[in-house]
Amino acid sequence: MPVPIVQVDAFASEAFAGNPAAVCILPEPREAGWMQNVAQEMNLPATAFLRRREDGFGLRWFTPTVELDLCGHGTLAGAHVLWESGQLAAAEPARFHTRSGLLTAARRGEWIELDLPAASEEEVAAPPGLAAALGVTPRYVGKSRFYLLVELEGEEAVRNLRPNLALLGAIPARGVIATGRSASRGYDFVSRFFAPALGIDEDHVTGSAHCCLAPFWSRRLDKKMLVARQISTRGGVLKVEFDEDRVRLGGQAVTVLRGELLA
């Protein structure tokens, strides 16, 4: 039976920006090996697989090489597809059962707001080889559940970063967040995200990274609500709110492709 598949640009207000994700709503259970094969075939930063449950949807995310524990842009894309396809009514929240627990999404006008677990970092000594891999000396290094967070001197330092990806892939972390204060009016902080260990040299817009960035910058700037930019080549804008152990991420999404899986 053909399986519908939709490609969505997440954290974007127009096509060909933000972070692309494929979304499959499964009519029946499929094995993890099949999901991994589909993700490899799609060759996108993430492919999300949804299956309806009595109290929401099961949700799993795969890169072309591994299954993820948390994926913000894949969750945003999945919620967008559920509302756009009529699987959920416009006013009905989306409930996702995932490896990271229950995640929810709600529509806020043209924006979608995700409710995700916060992943606060703790200061650590820079791992050996980190400065050489980045080509700069960090002003601060922290470690969260998933990622290393590296604060640089500011937006220009983050924008000009040209890491050695082979060296960075040897650092013991699933990904490295580079961040600094924004130099542009209307934004609080900027970031870039590198995950060569996951088969993603640089991610376009990384929702899960902002589960760490939100508490980090909220405490430093003494602000509960912030506006963030991820300054990859495609780029994306996120509304960020930190509330104790939760992070609310706001973003937009655009469908760019619909098709069917025949295998």
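How much space lies in the largest cavity? About 130 Å³. Keep in mind that this is a predicted model. Let's look at its cavities, then move on to some strands and a helix.

## The largest cavity

The count comes to two cavities of 30 Å³ or more. Here's the general idea behind looking for them: rolling a probe the size of a water molecule over the atoms shows where empty space is left.

The largest cavity has 17 residues in its lining, and those nearest its centre are Leu68, Tyr147, Asp203, Thr206 and Ser208. Which elements help to build this wall? At least two lining residues come from each of α2 (72-84), β13 (189-195), β14 (200-203) and α6 (207-221). Sorted by class, the lining has ten nonpolar residues, six polar ones and one charged one.

## The second largest cavity

The second largest cavity has a volume of about 30 Å³. Two elements, α5 (165-169) and β13, give two or more residues to the lining of this second largest cavity. Among the residues that line it are Leu168 and Gly169, along with Phe194 and Ala195. Arg174 and Pro196 also belong to this lining. By class, you'll find eight nonpolar, two polar and one charged residues around the second largest cavity.

## Strand β16 and its two partners

Now find strand β16, which covers residues 236-243. On one side of the story is strand β15 (residues 225-230), which pairs with β16 in the antiparallel sense over six bridges. If you want one bridge to look for, Ala228 has Leu238 in β16 as its partner. These two strands form a hairpin with five residues between them, and Gly235 in the turn has a positive phi of about 75 degrees.

The other partner is strand β17 (residues 246-251), and here the antiparallel pairing with β16 runs over five bridges. This time, try Val240, whose bridge partner in β17 is Leu249. β16 and β17 also make a hairpin, with two residues between them. Glu244 sits in that turn and has a positive phi of about 60 degrees.

## Two residues of β16 to compare

Is Glu241 buried or exposed? Glu241 counts as buried because its relative accessibility is 14%, and the cut-off for buried is under 20%. Leaving aside residues up to four places away in sequence, Glu241 touches Lys224, Met225, Arg246, Val247 and Arg248.

Asp243 is found in β16 too. With 27% relative accessibility, Asp243 counts as partly exposed, since that class lies between the buried limit of 20% and the exposed limit of 50%. With the neighbours up to four places away left out again, Asp243 touches Lys224 and Arg248. You can also check a distance here: the C-alpha atoms of Asp243 and Ala214 are 9.2 Å apart, with 29 residues separating them along the chain.

As background for reading any strand, side chains in a regular strand alternate between the two faces of the sheet.

## Helix α1 and what covers it

Last stop: helix α1, residues 32-42. Which of its residues are buried? They are Trp34, Met35, Gln36, Val38 and Ala39. An α-helix has 3.6 residues a turn, so residues three or four places apart point the same way. Try that spacing on the buried residues Trp34 and Val38, or on Met35 and Ala39.

The cover over the buried residues of α1 includes the strands β1 (3-10), β3 (46-53), β4 (56-62), β5 (67-68) and β18 (253-261). After the helix comes Asn43, which has a positive phi near 55 degrees.

Key: Residues are numbered from 1 along each chain as its sequence is written. This is a predicted model: local features need pLDDT of at least 70, side-chain atom pairs count only at pLDDT 80 or more; totals for chains, interfaces and linings use all residues. Side-chain values use heavy atoms; hydrogens and water are left out. Helices (H or I, at least four residues) and strands (E, at least two) are DSSP runs, numbered from the N terminus. Buried means under 20% relative accessible area, exposed over 50%, partly exposed in between (1.4 Å probe, protein chains only). Contact means heavy atoms within 4.5 Å. Two strands pair if DSSP finds at least two bridges between them. On a 1 Å grid over the protein atoms alone, a cavity is a set of points where a 1.4 Å probe fits but cannot get out, and a pocket is an open set with protein on both sides within 12 Å along at least five of seven lines; lining residues have an atom within 4 Å of a point. Grid points are joined across faces, edges and corners, and a volume is the space filled by probe spheres set on the points. Ala, Val, Leu, Ile, Met, Phe, Trp, Tyr, Cys and Pro count as nonpolar, Asp, Glu, Lys and Arg as charged, and the others, Gly among them, as polar.
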